[in-house]
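Hi everyone, thanks for making time for this one. Have the viewer open if you can, and follow along as I talk.

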Amino acid sequence: MTEIFESTGQALLYGVVGLAVMAVGFLALDLVTPGKLFHVVWRDRNRGAAVLLGSQSVAVGLVIMEAIRASESEQGLGQGLLSTLLYGLAGVLVMTLVGIVIGVLTPGQMGAVALEDEGGRPHPAAWVQAGMYLGTAFMVGAALS
């Protein structure tokens, strides 16, 4: 029974670390897209922004999952939590940098173009950027394995 409580406590701690990394990911995405992301998605109902935020959330979750797996080899819970935090933040940084580079290489400002909503349909650039976030997450996750 003690093992169940211990495992539950560890899961809660990893969840808190994961939540912190996801919050940093949200803030990073907010910095590279025009407007306040919270308002653009929930108030303005921008589908392109929702595609970006949803894909970025899944991508960060994938990185955190692999970071937790990689942390199993660490010495103790504290080291595992710290490595998960650092690996997760590294993943967010890489995703943000890749997004900036893709934005520089494509016509127009990628964040602005991806948020164009025509006729209730997201701009194709939103799907491209969403795929880029997921691809980057798989790349970072593989590096952690």
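I'll start with the overall fold, then go through the first helix, the main pocket and an aromatic pair.

One thing up front: what you see is a predicted model. The protein has 6 helices and 2 strands, and reading along the sequence gives the pattern α-α-α-α-α-β-β-α. In other words, the two strands come just before the last helix. If you like box dimensions, the C-alpha trace spans about 55 × 30 × 20 Å along its principal axes.

How much of the protein is buried? Of its 145 residues, 39% count as buried. There is also a nice number for the contacts: taking those with a separation of 6 or more, 71% are between residues 24 or more positions apart.

Now please rotate to helix H1, residues 2-32. H1 has 31 residues, and the distance from its first C-alpha to its last is 46 Å, close to the 45 Å expected at 1.5 Å a residue. Which of its residues are buried? In H1 those are Tyr14, Val17, Gly18, Val21, Gly25, Ala28, Leu29 and Asp30. And what covers them? The cover includes helix H2 (37-43), H3, H4 and helix H6 (124-144).

Let me pick two of these residues. Val21 sits in H1 and has a relative accessible area of 1%, so it counts as buried. Setting aside neighbours within four places in sequence, Val21 is in contact with Val60, Ile64, Leu85, Gly88, Leu89 and Val92. Leu89 is worth clicking on: Val21 and Leu89 are 68 residues apart along the chain, yet 6.1 Å separates their C-alpha atoms.

My other pick is Asp30, also in H1. Is Asp30 buried or exposed? The cut-off for buried is under 20% relative accessible area, and Asp30 is at 11%, so it counts as buried. Beyond its neighbours within four places in sequence, Asp30 is in contact with Gly35, Lys36 and Leu37.

On to the pocket, which I suspect some of you were waiting for. As background, rolling a probe the size of a water molecule over the atoms shows where empty space is left. The largest pocket here has a volume of about 170 Å³. Its lining is made of 11 residues, and those nearest the centre are Gln10, Tyr14, Ser71, Glu72 and Leu77. The elements giving two or more residues to that lining are H1, helix H3 (47-71) and helix H4 (76-105). H1 makes the largest contribution, with 4 residues. Tyr14 links this to the earlier part of the talk, as it is on the list of buried residues in H1. Sorted by class, the lining has 4 nonpolar, 5 polar and 2 charged residues.

Last stop, the aromatics. How many aromatic pairs does a search of the whole structure find? There is 1, and it is formed by Phe38 and Trp42. The pair is stacked, at 5.0 Å centre to centre with 25 degrees between the planes. Where does that geometry sit in the fold? Phe38 and Trp42 are 4 residues apart in helix H2, so about one helical turn separates them. An α-helix has 3.6 residues a turn, so residues three or four places apart point the same way. As for accessibility, Phe38 is at 49%, so it counts as partly exposed.

That's my tour; happy to take questions.

Terms used
Residues are numbered from 1 along each chain as its sequence is written. This is a predicted model: local features need pLDDT of at least 70, side-chain atom pairs count only at pLDDT 80 or more; totals for chains, interfaces and linings use all residues. Side-chain values use heavy atoms; hydrogens and water are left out. Buried means under 20% relative accessible area, exposed over 50%, partly exposed in between (1.4 Å probe, protein chains only). Contact means heavy atoms within 4.5 Å. On a 1 Å grid over the protein atoms alone, a cavity is a set of points where a 1.4 Å probe fits but cannot get out, and a pocket is an open set with protein on both sides within 12 Å along at least five of seven lines; lining residues have an atom within 4 Å of a point. Grid points are joined across faces, edges and corners, and a volume is the space filled by probe spheres set on the points. Ala, Val, Leu, Ile, Met, Phe, Trp, Tyr, Cys and Pro count as nonpolar, Asp, Glu, Lys and Arg as charged, and the others, Gly among them, as polar. The expected span of a helix is 1.5 Å times one less than its number of residues. Rings of Phe, Tyr and Trp (its six-membered ring) pair if their centres lie within 6.5 Å; planes under 30 degrees apart count as stacked, over 60 as edge-to-face and the rest as tilted.
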